[in-house]
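Hi everyone, thanks for coming. Let's have a look at one helix pair and one pocket together.

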Amino acid sequence: MEAFVRETGRAVVIPNDNINTDIILPKQFLKNILKTGFGKDLFFDWRYNPDGSLNETFELNKPEHQEASILITGNDFGSGSSREHAVWALTDYGFRAVIGGGFSDIFYMNSTKNGLLPIVLPEENRKILRGIQADEDIQIDLLEQTVTYKNHTFHFDINSQWKEKFINGEDDIDNTMKYKKLISAFEKQRPNFG
């Protein structure tokens, strides 16, 4: 997992509430388990017209939003099925963080395990962030747990263990491997029942 300490980047606003995992990545794209190649299918039904052409009015398709690394959205983002693929689509597209009013529990955990920082901010903060222009940056400082836009700085909460994982770029396997010597010692003393 790539470390996340600070991210200064462009943001795109998709302010809708209740964006579920089937909207983020429709079911027909769940065949791959490699965590890559999903970015092109992110928000597929919104990004593409029925004939397969780009929907030029959708925010992600606008040239000024092509390099966005921060998504600002509404309430209840990532509800629906538990598909981890939805998070993979967001990270494969290039998003490093999603700022919303709330996330489904499973989506939130999938995000923390795959390097996508989910940030919960209240509506009054997100209303200010929704005013961002395409050529303006937002800074997320995980050490300070702040989101800064222009002269506004907003604090967010995150579990200290997840914060440490992000800062160190460690996933659950990396954390388990910290105990490799203890695991090996246990395996050596364990009776062989074979």
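Helices α3 and α4 are oblique to each other, so their angle falls outside the parallel (under 35 degrees), antiparallel (over 145) and perpendicular (65 to 115) classes. This is a predicted model, where local features need pLDDT of at least 70, side-chain atom pairs count only at 80 or more, and totals for chains, interfaces and linings use all residues. Residues are numbered from 1 along each chain as its sequence is written, and side-chain values use heavy atoms, without hydrogens and water.

Back to our pair: α3 covers residues 85-93 and α4 residues 105-113, packed at about 50° with axes 9 Å apart. Which residues make the contact (heavy atoms within 4.5 Å)? From α3 come A86, V87 and L90, and from α4 F107, N110 and S111. By class, that is 4 nonpolar, 2 polar and no charged.

Now the largest pocket: its lining residues include W88, F95, R96 and D171. That lining has 3 nonpolar, 3 polar and 5 charged residues. Thanks, everyone!

Note on methods: Axes fitted to C-alpha atoms, helices over the stretch in contact; angles between N-to-C directions. Helix = DSSP H or I, 4+ residues; strand = E, 2+ residues; numbered from the N terminus. Contact = heavy atoms within 4.5 Å. Nonpolar A, V, L, I, M, F, W, Y, C, P; charged D, E, K, R; others polar. 1 Å grid on protein atoms, 1.4 Å probe; cavity = no way out; pocket = protein on both sides within 12 Å on 5 of 7 lines; lining within 4 Å.
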